[in-house]
Amino acid sequence: VVIVDPADDLNRSAANAILKFLEEPPGNVVLLLLSHTPGRLLATIRSRCRRLALRPLPDATVDALLSERHPGLSDTDRAILVRLSEGSVGHALALAANGGVDLYREVVGLLAQAPNIDGAGLHALGNRMSGRDQEPAFRMVGEILAGWLAALVRAGGTGGTSGESLVAGEAEAMHRLLEAAGLDQWVEVWENVTTLFGRAETAYLDRKQVVLTAFLAVERTARQAAS
């Protein structure tokens, strides 16, 4: 079994090599090409593959598997993990093992204070993310923050809610922020935060400064609009 993950990143030479392999496959071999954007693959590669769409698991399935693997989790903790997992039980289990629930509560707790985010609490989070062993936690903070802002944008675009409030004041905070600034402004904040955390991975940016900049972008948008 050969897995190419992701096939989207193959350069022309690598893609041609894979294509030759597909044209004359050896016996007893299964070749799996993982692609997030199949349209980027060579048409000749796509034509020689059978497509298998892997869709997110239903929330109820993820919840049941979490209950089986982590029976000690509370209903609220499982609900947080289900929301963050986006249909991937593997991701949910990784979050459970690496403090994802506590980080979610901390991040949303700070966001719920906007436009008056507690500076001491924000700096404490940033200081923790600067530790040598905190890279996985730093990625989770970026994922949680970007996901929360995406939910905010969806709620504003549909005129509905983001779902059940899993942290005290969460739904109220979304409502307040949507009233404080326009949807286009929150889309811009979401895009900037997503880009910022992405650059931090490739350009080795100071992790504390990235965290501070991201949260202050939320605070600044809410405060400018409110004024």
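A nonpolar patch here is a group of Val, Leu, Ile, Met, Phe, Trp or Tyr side chains lying within 5 Å, built from residues with over 30% relative accessible area and no salt bridge. In this predicted model, one such patch sits on the surface and is made up of Val1, Ile3, Val30, Leu32 and Leu34, which together offer about 460 Å² of accessible area. Leu32 belongs to strand β2, which spans residues 31-33. With a relative accessible area of 38%, Leu32 comes out as partly exposed, so it clears the 30% cut-off for a patch.

Helix α9 runs over residues 170-180, and Glu170, Ala173, Met174 and Leu177 are its buried members listed here. These four span an arc of only 100 degrees around the axis, so they end up on the same side of α9. That fits a familiar rule: an α-helix has 3.6 residues a turn, so residues three or four places apart point the same way. Over on the other side of α9, Glu172, His175 and Glu179 are exposed.

Helix α11 (residues 207-226) holds Arg207 and also Glu219. Arg207 is buried but makes no salt bridge. For Arg207, the nearest side chain of opposite charge is Glu135, 4.6 Å away, and a salt bridge has to fall within 4 Å, so this pair misses out. Leaving aside residues up to four places away in sequence, Arg207 touches Met129, Ser130, Gly131, Arg132, Gln134, Glu135 and Phe138. Glu219 has 10% relative accessibility and therefore counts as buried. With the same sequence neighbours set aside, Glu219 is in contact with Pro115, Asn116 and Ile117.

Key. Residues numbered from 1 in each chain as written. Predicted model: local features only at pLDDT ≥ 70, side-chain atom pairs only at ≥ 80, totals over all residues. Heavy atoms only, no water. Buried < 20%, exposed > 50% of the residue type's maximum accessible area, 1.4 Å probe, protein only. Helix = DSSP H or I, 4+ residues; strand = E, 2+ residues; numbered from the N terminus. Arc of directions from axis to C-beta. Lys, Arg positive; Asp, Glu negative; His and termini not counted. Contact = heavy atoms within 4.5 Å. Patch = residues over 30% accessible without salt bridge, like charges linked within 9 Å, V, L, I, M, F, W, Y side chains within 5 Å. Areas by Shrake-Rupley, 256 points an atom, 1.4 Å probe, with all protein chains shown as cover.
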